[in-house]
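Reader: I would like to learn how to read a model of this kind, feature by feature. Could you give the general idea each time and then turn to the case at hand?

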Amino acid sequence: MTPIDRRSALAFGLALPLALATRALAAPPATLGDAPATPPPLPPGSTAPPRVLVAPEKLAPLDIEMRGYEYPFPVKFFPIKDAPAGTRMAYMDVKPMLGDTGPAAILMHGRNFPSSYWERVATALSARGYRVIIPDQVGFGKSTKAEMPYSFAFWAENTAALAAQLKVKSAVVIGHSIGGIMATTLAAAHPELVSRLVLEDPLGLEDYRTLVPEVTDDFLFDRETKLTPDAYREFLKTSYFPNFKPEYEAYVTIRARQMLDKKYPQWVRSYIQSYQLLHKTPIAATLASLPMPVTMIVGEKDNNAPGKAYAPEAVRAQLGKNADLAVALAPKLKKGAAITLAGLGHVPHLDDIAAFDTALEKALA
């Protein structure tokens, strides 16, 4: 594709559907088709109105596997072998916008978001000619909330098995937040699969074991089951979105609706496992050992550090300076780079898709 064609395709792609945050919250289930999806175009400039949280008594419960909640592309399911019977991984498979084949990209989501929040990134990559694979890891989104021990190796192996099933032999892997640790684990275990690693605001750049006291599963379970929608909104503002926008209410509403599901305690048990894994899995040393190019794209205002609230006050002020950590780490990597995005927080691809996409294009060059 020529530079002019690439720019035209990208401009077209970025005029396509907005992210999940602007989608209807009570939409019908996604179609379960067999063929990879191509994003349907909208007229340039089209947007959906932002959603706001309605009174809890007016909310409909949302199943913990998000049945009935629309994703931006058709959803399929991949059975997981080394797990309880019936465990399956949901995923989207988006084909290149301008052809049937192309290089592959695998997107690995963060802890507090379903994989559908990758919509605009997937659309832009599709416009560039990529086939985009977007899984919900087991325990998240539309995937099974299996009652079993999780690990980063488990998530990485499931992703590698999905790639093999889809006949993807090599892919750019993009991981956000905890997904950065998942992606790093995948790259270390399967360097032949990961041609390039892009980490958006990865966690684990510092060793939380030495900075944050351990807390028990019982403590976390009690905290999460007592969490209110208002408290969750404040958590997102503090840890994820320094520039909180009305459309981010969609994520508060998802959580509020899942709180109403009778299986919500099962969801919480899955969710707290990921915290405990975050606490004990630093990735700086692993990143330094990787042979493929690694680019970290980090919001300047990202101050997310799991368990920061549990740390001593003097330590708390120094935690989560993720942009500084990325800049300091990059020269220590075999093929490392860090890109800081001014004014943005922990989720740049939602805060400013144009700024993130410019950085991503540089990382993929």
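Author: Let us start with one residue and its surroundings, bearing in mind that this is a predicted model. Leaving aside residues up to four places away in sequence, Ile-134 touches Phe-73, Ala-90, Tyr-91, Met-92, Val-94, Leu-107, Ser-115, Trp-118 and Ala-122.

Reader: How should I read such a list, and which residues touch the most other members of the largest nonpolar core?

Author: The general idea is that in soluble globular proteins, nonpolar side chains tend to be buried together. Here the largest nonpolar core has 109 residues, and those touching the most other members are Leu-107, Leu-125, Ile-134, Trp-155, Leu-197, Leu-287 and Met-296. The element that gives the most to this core is α8, with eight residues.

Reader: What does the chain as a whole look like, and how many helices and strands are there?

Author: The protein chain has 13 helices and eight strands, and 56% of its 365 residues count as buried. Among the contacts with a separation of 6 or more, 80% are accounted for by residues 24 or more positions apart.

Reader: Could we take the strands next? Where is Asp-93 found, and is Asp-93 buried or exposed?

Author: Asp-93 is found in strand β2, which covers residues 88-94, and Asp-93 counts as buried because its relative accessibility is 3%, where the cut-off for buried is under 20%. The side chain of Asp-93 is joined to that of Arg-131 by a polar contact of 2.7 Å. For a partly exposed case, turn to Phe-77 in strand β1, residues 75-79, which has a relative accessibility of 25% and therefore counts as partly exposed. From C-alpha to C-alpha, Phe-77 and Met-92 are 8.7 Å apart in space, with their positions 15 residues apart in sequence.

Reader: And in helices, what general rule should I keep in mind, and which backbone oxygen lies 2.7 Å from a polar atom of the side chain of Thr-185?

Author: The rule is that an α-helix has 3.6 residues a turn, so residues three or four places apart point the same way. In this model Thr-185 is in helix α4, residues 178-189, and a polar atom of the Thr-185 side chain lies 2.7 Å from the backbone oxygen of Ile-181. Not counting residues up to four places away in sequence, Thr-185 also touches Phe-152, Ala-153 and Ala-156.

Reader: Why is α7 described as largely enclosed by the rest of the structure?

Author: The description follows because eleven of the eleven residues of α7 are buried. Charged residues are among them, including Glu-249, Arg-255 and Arg-257, together with others such as Tyr-251 and Gln-258. The buried residues of α7 pack against α5, α6, α8 and α12, the last of these covering residues 348-351. In α8, by way of contrast in exposure, lies Pro-265, which counts as partly exposed because its relative accessibility is 31%. The C-alpha atoms of Pro-265 and Phe-221 are separated by 8.2 Å, although the two residues are 44 apart along the chain.

Reader: How does one find empty space, and what is the volume of the largest cavity?

Author: Rolling a probe the size of a water molecule over the atoms shows where empty space is left. The structure holds one cavity of 30 Å³ or more, and the largest cavity has a volume of about 210 Å³. Its lining is made of 15 residues, with Arg-111, Asn-112, Phe-113, Gln-258 and Trp-267 nearest the centre. The elements that give two or more residues to this lining are α7 (249-259) and α8, and α7 has the largest share, four residues. By class, the lining of the cavity has nine nonpolar, four polar and two charged residues.

Reader: Which residues, then, lie nearest the centre of the largest pocket?

Author: They are Arg-223, Phe-235, Ser-239, Ala-305 and Gly-307, from a lining of 27 residues. Two or more lining residues come from each of α5 (217-225), α6 (229-239) and α8 (264-279), and α6 gives the most, with five. The volume of this largest pocket is about 510 Å³, and its lining comprises 15 nonpolar, six polar and six charged residues.

Technical notes
Residues numbered from 1 in each chain as written. Predicted model: local features only at pLDDT ≥ 70, side-chain atom pairs only at ≥ 80, totals over all residues. Heavy atoms only, no water. 1 Å grid on protein atoms, 1.4 Å probe; cavity = no way out; pocket = protein on both sides within 12 Å on 5 of 7 lines; lining within 4 Å. Points joined across faces, edges and corners; volume = space filled by probe spheres on them. Polar contact = N/O pair within 3.5 Å; in protein donor to acceptor, adjacent residues only side chain to side chain. Contact = heavy atoms within 4.5 Å. Core = buried A, V, L, I, M, F, W, Y, C linked by side-chain atoms within 4.5 Å. Buried < 20%, exposed > 50% of the residue type's maximum accessible area, 1.4 Å probe, protein only.
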